[in-house]
Amino acid sequence: MARPRRSKSHRTSNTHDRRAQDLPRNADVVPVEIDDPLALEPGEKIVALRSVRNDPLGRLHAHKQLDDAQYRAGRAFQNDWERAERGPQAIDPSREHVDGARGREPVTEGQRQAVLRLNRAERELGADGAAITHDILVHGLTMEQVGHKRGLASQRWTDYFARRFKECLDRLSVVYGFSTDRVARKHDPAVRPRRPADI
């Protein structure tokens, strides 16, 4: 006599699992909780994978090396930089004029405010801090690449640039209003740490 088949129970939790299972070999991802775009109720969350391969700020935050205020200040700096870069481009007089070419775009109030915030941030960070922040947040360089760019390739210099970048993020968190000045005062740019001797 043949055995009766048992009906398989379908677990609803695995039915709508939309996470990618096959990642490239060189993928560098971290799980993040985001709003569910297919949610029936507002406020439902899902876990997604975010790539941090070319995102030093995201990688540092994912590995708990930055706090939320530092991370949000870095993202605000990046947003201001992108907004300010979208402004009017210089006209190249050597190019031939073409009918129907785009004219100059006017500067919007948002772009003007972004440039003002970037100028204030650069004054607060100083020349060295602004250069390090720009290399990491705009160009996406790692601490090792920042050192190599300056001809300083030892581990002590890499550690110095990491500490200095955190100090710059503390100062940016005050500029953008994510923390108070009292928190950033412990990393006052006026009291710069001693630079390590290059070994």
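Is Asp55 buried or exposed? Select Asp55 and have a look: Asp55 is buried, with a relative accessible area of 12%. Keep in mind as you click around that this is a predicted model.

**Stop 1: Asp55 and its partner**

Keep Asp55 selected and add Arg75. These two form a salt bridge, and their closest N and O atoms are 2.5 Å apart. Arg75 sits in helix 3 while Asp55 sits in the loop between strand 2 and helix 2, so the pair ties together parts that are 20 residues apart in sequence. Arg75 is partly exposed, at a relative accessible area of 22%. As background, side chains of opposite charge can pair when their charged atoms come close.

**Stop 2: Val52, in that loop**

Now click on Val52, which also belongs to the loop between strand 2 (45–51) and helix 2. Val52 counts as buried, with just 1% relative accessibility. What does Val52 touch, if you ignore neighbours within four places in sequence? Show Asp28, Val30, Gly58 and Arg59: Val52 is in contact with these residues. Then try the distance tool on Val52 and Ala62. They are 10 residues apart in sequence, and their C-alpha atoms are 8.6 Å apart in space.

**Stop 3: Lys45 and Asp35**

Time for another salt bridge; the structure holds 9 of them. Select Lys45 and Asp35, whose closest N and O atoms are 2.7 Å apart. This bridge links distant parts of the chain, as Lys45 is in strand 2 and Asp35 is in strand 1 (residues 29–35), 10 residues apart. Lys45 counts as partly exposed, at 45% relative accessibility.

**Stop 4: the bend in helix 4**

Select residues 109–137 and you have helix 4. Helix 4 has 29 residues, yet its end C-alpha atoms are only 23 Å apart, whereas a straight helix would reach 42 Å at 1.5 Å a residue. Where is the kink in helix 4 centred? Colour Gly126: the kink is centred there, and it comes to about 115°.

**Stop 5: helix 6**

For a contrast in your viewer, go to helix 6. Its 21 residues reach 30 Å from first C-alpha to last, close to the 30 Å expected at 1.5 Å a residue. Turn on the surface too: 15 of the 21 residues of helix 6 are buried, so this helix is largely enclosed by the rest of the structure. Just after helix 6, find Gly177, which has a positive phi near 80°.

Thr158 is one residue to pick out in helix 6. Thr158 is buried, with a relative accessible area of 8%. Leaving out residues up to four places away in sequence, Thr158 touches Met143 and Glu144.

**Stop 6: rings in helix 6**

Show the aromatic side chains. There are 3 aromatic pairs in the structure. In one of them, Trp157 and Tyr160 meet edge-to-face, at 5.6 Å centre to centre and with 85° between the planes. Both residues lie in helix 6 (residues 155–175), 3 residues apart, about one turn of the helix. An α-helix has 3.6 residues a turn, so residues three or four places apart point the same way. Trp157 is buried at 6% relative accessible area, and Tyr160 is buried too, at 2%. Add Phe161 to your selection: ring pairs link Trp157, Tyr160 and Phe161 into a cluster.

**Stop 7: the nonpolar core**

Leave Phe161 on and add Phe165 and Leu172. In the largest nonpolar core, which has 27 residues, these three touch the most other members. Helices 2 (56–62), 3 (68–85), 4, 5 (143–149) and 6 each give two or more residues to this core. Which helix gives the most to it? That's helix 6, with 8 residues. In general, nonpolar side chains tend to be buried together in soluble globular proteins.

Zoom in on Leu172. Beyond its neighbours within four places in sequence, Leu172 is in contact with Ala73, Phe77, Ala121, Leu125, Thr133 and Leu137.

**Stop 8: back to charges**

Finish with Arg164 and Asp128, a salt bridge with the closest N and O atoms 3.8 Å apart. The pair links distant parts of the chain, with Arg164 in helix 6 and Asp128 in helix 4, 36 residues apart. Arg164 is buried, at 2% relative accessible area, whereas Asp128 counts as partly exposed, at 22%. Finally, select Glu167 as well: Asp128, Arg164 and Glu167 are linked in a network of salt bridges.

Note on methods:
Residues numbered from 1 in each chain as written. Predicted model: local features only at pLDDT ≥ 70, side-chain atom pairs only at ≥ 80, totals over all residues. Heavy atoms only, no water. Phe/Tyr/Trp six-rings, centres within 6.5 Å; stacked < 30°, edge-to-face > 60°. Helix = DSSP H or I, 4+ residues; strand = E, 2+ residues; numbered from the N terminus. Buried < 20%, exposed > 50% of the residue type's maximum accessible area, 1.4 Å probe, protein only. Expected span 1.5 Å × (residues − 1). Bend = angle between axes of the 7 residues up to and from the residue. Core = buried A, V, L, I, M, F, W, Y, C linked by side-chain atoms within 4.5 Å. Contact = heavy atoms within 4.5 Å. Salt bridge = Lys/Arg side-chain N within 4 Å of Asp/Glu carboxyl O.
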